[in-house]
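The following explanation is intended for a reader who meets this structure for the first time. Please keep the sequence and the model in view while reading.

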Amino acid sequence: VSKNEEEPSKEEGPRDGMEIYAGHVDDSACVWRNDTLRGTCFGLRCRGKGWESISTSTECSKKCCNLKDKCITWQFRKDIGCCIGGAVRHGHEGLRSVHWCEPTPPSPWTGHRLKSRGGGRCEWGDETLKGQCFGLGPVKPPKSKQLCADGCCKDPDCTLWQWRDDKGCFWGKTNNCLPAADPVQMHPYIGKRKPVDKKRVMGNGWLRPEKN
């Protein structure tokens, strides 16, 4: 393996009940990178022509394998189906592709809108904001749900706060919030990537032709 390539390795199948919604990886046909794509990947095409009827992760894996350089990444979940595409970044790793995958599995948020503020105290609305709210800016310093709510209360410009254990604290003012997700949408995906030469990856995620 050259220094420009990712070192391929194999990994055991998913744990913690993931196989109920995702399935197991079939490593027999292709060599895949050792990381499993459990979070949502953006930039893949789901249930496209030629793989719209795929119903298992094994079939999805084999489809991507057979497509050679026309598929670098695949991902599967029963409610979404089979998704395939080019190279993607995983979390904050360095790669030229504009497409990326969340490093953590889907998970509901917690948070509330401001109902009233006065005398240094805040009353929050009854609705729990389980869907992600956008436009709240960068992560805030508080390291707990309660401190996040307290921080929002002290900020006169804050009208809602949100917290997730793996993401941290966010607050601000926005009406752009996703609706609460169906429970099945909070289950992890399963997916894999082929080891590729990073220098061949273009901005759109596909590979430059190899030079002879």
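The paragraphs below turn to the sheets, the helices that accompany them, an aromatic pair and the enclosed spaces.

The model shown here is predicted. A suitable place to begin is the open sheet built from four strands in the order β1-β3-β2-β10, with antiparallel pairing. The edges of this sheet are held by β1, residues 45–46, and β10, residues 190–193. Each of these edge strands has a single partner strand, so one side of each is left without a neighbour in the sheet. In general, the strands of a sheet pair through backbone hydrogen bonds, in either a parallel or an antiparallel manner. Here, β1 is joined by two bridges to β3, which comprises residues 81–85, and the two strands run antiparallel. Within this pairing, Arg45 has Ile84 of β3 as its bridge partner.

A helix accompanies this sheet. Helix α1, formed by residues 57–66, lies across β2 (73–77), β3 and β10. Relative to β2, helix α1 runs at about 165 degrees.

The reader may now turn to another sheet. In which order do the four strands of the open sheet that contains β6 follow one another? The order is β7-β6-β8-β9, and the pairing is antiparallel. At its edges stand β7, residues 121–124, and β9; one side of each is left without a neighbour in the sheet because each has a single partner strand. On average, and with direction ignored, neighbouring strands of this sheet are turned by 30 degrees against each other.

Strand β6 may be followed to both of its partners. Four bridges connect β6 with β8, residues 160–164, in an antiparallel arrangement, and Gly111 stands opposite Gln162 in β8. Helix α2, residues 145–154, packs on this sheet and touches β6, β7, β8 and β9. The direction of helix α2 makes about 160 degrees with that of β8. Towards β7, β6 is again joined by four bridges, and these two strands run antiparallel. Leu114 finds its bridge partner in Trp124 of β7. The hairpin of β6 and β7 has two residues between the strands, and in this hairpin Gly119 takes a positive phi near 60 degrees.

Aromatic residues offer a further view of the fold. Across the whole structure, a search finds four aromatic pairs. One of them is formed by Trp109 and Phe170 in an edge-to-face arrangement, with 5.8 Å from centre to centre and 70 degrees between the planes. This pair links distant parts of the chain, since its members are 61 residues apart. Trp109 belongs to the loop between β5 (100–101) and β6 (110–118), whereas Phe170 lies in strand β9, residues 168–172.

Trp109 also leads to the largest pocket, for it is among the residues nearest the centre of that pocket, together with Thr40, Glu102, Gln132 and Arg164. In total, 35 residues line the largest pocket, which holds about 900 Å³ of space. The lining divides into 19 nonpolar, ten polar and six charged residues.

What remains is the enclosed space. One cavity of 30 Å³ or more is found in a search of the whole structure. The largest cavity contains about 70 Å³ of space. Ten residues line the largest cavity, and those nearest its centre are Arg33, Leu95, Arg193, Lys194 and Val196. How does the lining of the largest cavity divide into nonpolar, polar and charged residues? Five are nonpolar, none is polar and five are charged.

How values were computed. Residues are numbered from 1 along each chain as its sequence is written. This is a predicted model: local features need pLDDT of at least 70, side-chain atom pairs count only at pLDDT 80 or more; totals for chains, interfaces and linings use all residues. Side-chain values use heavy atoms; hydrogens and water are left out. On a 1 Å grid over the protein atoms alone, a cavity is a set of points where a 1.4 Å probe fits but cannot get out, and a pocket is an open set with protein on both sides within 12 Å along at least five of seven lines; lining residues have an atom within 4 Å of a point. Grid points are joined across faces, edges and corners, and a volume is the space filled by probe spheres set on the points. Ala, Val, Leu, Ile, Met, Phe, Trp, Tyr, Cys and Pro count as nonpolar, Asp, Glu, Lys and Arg as charged, and the others, Gly among them, as polar. Two strands pair if DSSP finds at least two bridges between them. Contact means heavy atoms within 4.5 Å. Axes are lines fitted to C-alpha atoms, for helices over the stretch in contact, and angles run from 0 to 180 degrees between N-to-C directions. Rings of Phe, Tyr and Trp (its six-membered ring) pair if their centres lie within 6.5 Å; planes under 30 degrees apart count as stacked, over 60 as edge-to-face and the rest as tilted.
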